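Please look over the sequence and the model shown below before reading on. The paragraphs that follow move from a single residue outward to its surroundings.

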Amino acid sequence: MSNRLANEVISSTIRILSAAGFDEDQIRQLLTEASTRVSSIFEGSEEDAPLGDVALEFTIGSSDDAENMSWEFMQKFEEIPEFKQLSRIERRSQALDHISGTKGIEEAIDLIEKALPFTQSAQNWLLTEAPQAGISVYPSRDQWARDASDEELDNEGKNVFLDDYGLGYHFVFNLISSAAEASSRSMDSKHFARIIELLESEEILYPDDLTERLSRAGSALQKSIVFRDYISNLSGYGELMQSAMIDDFIRSTRFEGGAYIVEGWVDALAEEGVLTKEKRSGRWRITVH
């Protein structure tokens with residue numbers, strides 16, 4: 001079986017489970033348990049026992065009619081051109097390695113720019129077509145569940161939630177978050193601003209956690225200005241242990257972004273020629289010019 005076909009099968013499975021009401025953590029646990037069963041099959045020890053507690057304890061809580069309606073509607077959704085375009089862009093995004101450096105960030109932004117209009121069109125299709133099929137549309141599954149009545153919870157399958165993992169565009173939000181965090185770690189305010197500009201250019205409903213991640217990345221990027229000043233004050237001090245310097249910066253400025261972000265700033269300043277790095281005896285040492 002080719003990798004492409006395998007990816008399509010796995011993606012389809014995720015969308016089916018999401019449409020049935022499983023959340024992202026439940027889907028991840030089910031797939032992890034399924035991988036264990038694959039090993040058992042090839043080892044000849046497969047038993048007929050069901051998957052773990054997640055599968056046993058989770059109940060969709062909707063009638064067969066509701067399930068069939070949601071299933072048929074999602075099949076129709078997967079046939080629209082926007083969904084197919086998003087699937088192609090998602091496949092290209094999977095070819096990106098860990099996003100870092102200017103080249104990686106620009107490649108991610110290029111995919112984001114292509115995907116966002118299709119994401120808006122896909123959401124618009126859901127908002128228009130779902131009510132006509134007797135299906136209600138809500139921005140967030142968790143937010144809806146907090147206020148839903150017992151009867152509404154029992155008919156959860158009659159609803160579509162725009163933040164569900166299986167709607168074909170969730171990868172776009174992960175890509176946005178990763179590119180924004182990479183921009184922050186590279187002290188790259190230009191590309192960070194471009195990412196925000198692209199997101200705001202489309203009328204898209206996106207998960208609350210994306211807002212939180214972008215806010216953290218933006219705050220870290222602002223703090224990088226303080227770090228640049230901090231580094232300039234170390235000029236003339238000779239060779240310094242990088243880890244000790246980072247610990248001192250985090251402690252003295254109460255930076256909450258973590259050492260990983262600051263290490264990225266050190267690399268960015270090294271590329272600019274502000275400082276040099278050398279690794280000896282397994283430890284990084286820096287000299288500020």
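**From a buried alanine outward**

Ala115 has a relative accessible area of 1% and is therefore buried, where buried means under 20% relative accessible area, exposed over 50% and partly exposed in between, computed with a 1.4 Å probe on protein chains only. The model is a predicted one, in which local features need pLDDT of at least 70 and side-chain atom pairs count only at pLDDT 80 or more, while totals for chains, interfaces and linings use all residues. Residues are numbered from 1 along each chain as its sequence is written, and side-chain values use heavy atoms, with hydrogens and water left out.

Ala115 belongs to helix 6; helices (H or I, at least four residues) and strands (E, at least two) are DSSP runs numbered from the N terminus. Leaving aside residues up to four places away in sequence, Ala115 touches Leu86, Ile89, Phe171 and Val172, contact meaning heavy atoms within 4.5 Å. Of these partners, Phe171 is 56 residues apart from Ala115 along the chain, and the C-alpha atoms of the two are separated by 9.6 Å.

Leu86 and Ile89 lead to helix 5, where they are among the residues that meet helix 6. The axes of helix 5 (residues 81-94) and helix 6 (residues 101-132) come within 9 Å and cross at roughly 150 degrees, axes being lines fitted to C-alpha atoms, for helices over the stretch in contact, with angles that run from 0 to 180 degrees between N-to-C directions. Helix 5 is therefore roughly antiparallel to helix 6, since angles under 35 degrees count as roughly parallel, over 145 as roughly antiparallel, 65 to 115 as roughly perpendicular and the rest as oblique. On the helix 5 side the contact also includes Glu82, Gln85, Arg92 and Ser93, and on the helix 6 side Ala115 is joined by Leu111, Lys114, Phe118, Thr119, Ser121 and Ala122. By class, this contact of helix 5 with helix 6 holds six nonpolar, four polar and three charged residues; Ala, Val, Leu, Ile, Met, Phe, Trp, Tyr, Cys and Pro count as nonpolar, Asp, Glu, Lys and Arg as charged, and the others, Gly among them, as polar.

Helix 6 also meets helix 10, and their axes come within 10 Å and cross at roughly 10 degrees, so that the two helices are roughly parallel to each other. Thr102, Ile105, Glu106, Ile109, Ile112, Glu113 and Leu116 of helix 6 make this contact with His191, Arg194, Ile195, Leu198 and Leu199 of helix 10. Its residues divide into seven nonpolar, two polar and three charged.

The loop between helix 9 (170-185) and helix 10 (189-201) holds Met187, whose phi is near 60 degrees, a positive value in a residue other than glycine. Arg254, in the loop between helix 12 (242-253) and helix 13 (259-272), likewise has a phi near 60 degrees. Met187 counts as buried because its relative accessibility is 13%, whereas Arg254, at 74%, counts as exposed.

Turning to the sheet, three strands form an open arrangement in the order 3-5-4, with antiparallel pairing, two strands being paired if DSSP finds at least two bridges between them. Strand 3 (239-241) and strand 4 (275-280) are the edge strands, each pairing on one side only. Six bridges join strand 4 to strand 5 (residues 283-288), and Glu278 stands opposite Arg285 in strand 5. Helix 13 packs on this sheet, touching strand 4 and strand 5, and its direction makes about 115 degrees with that of strand 4.
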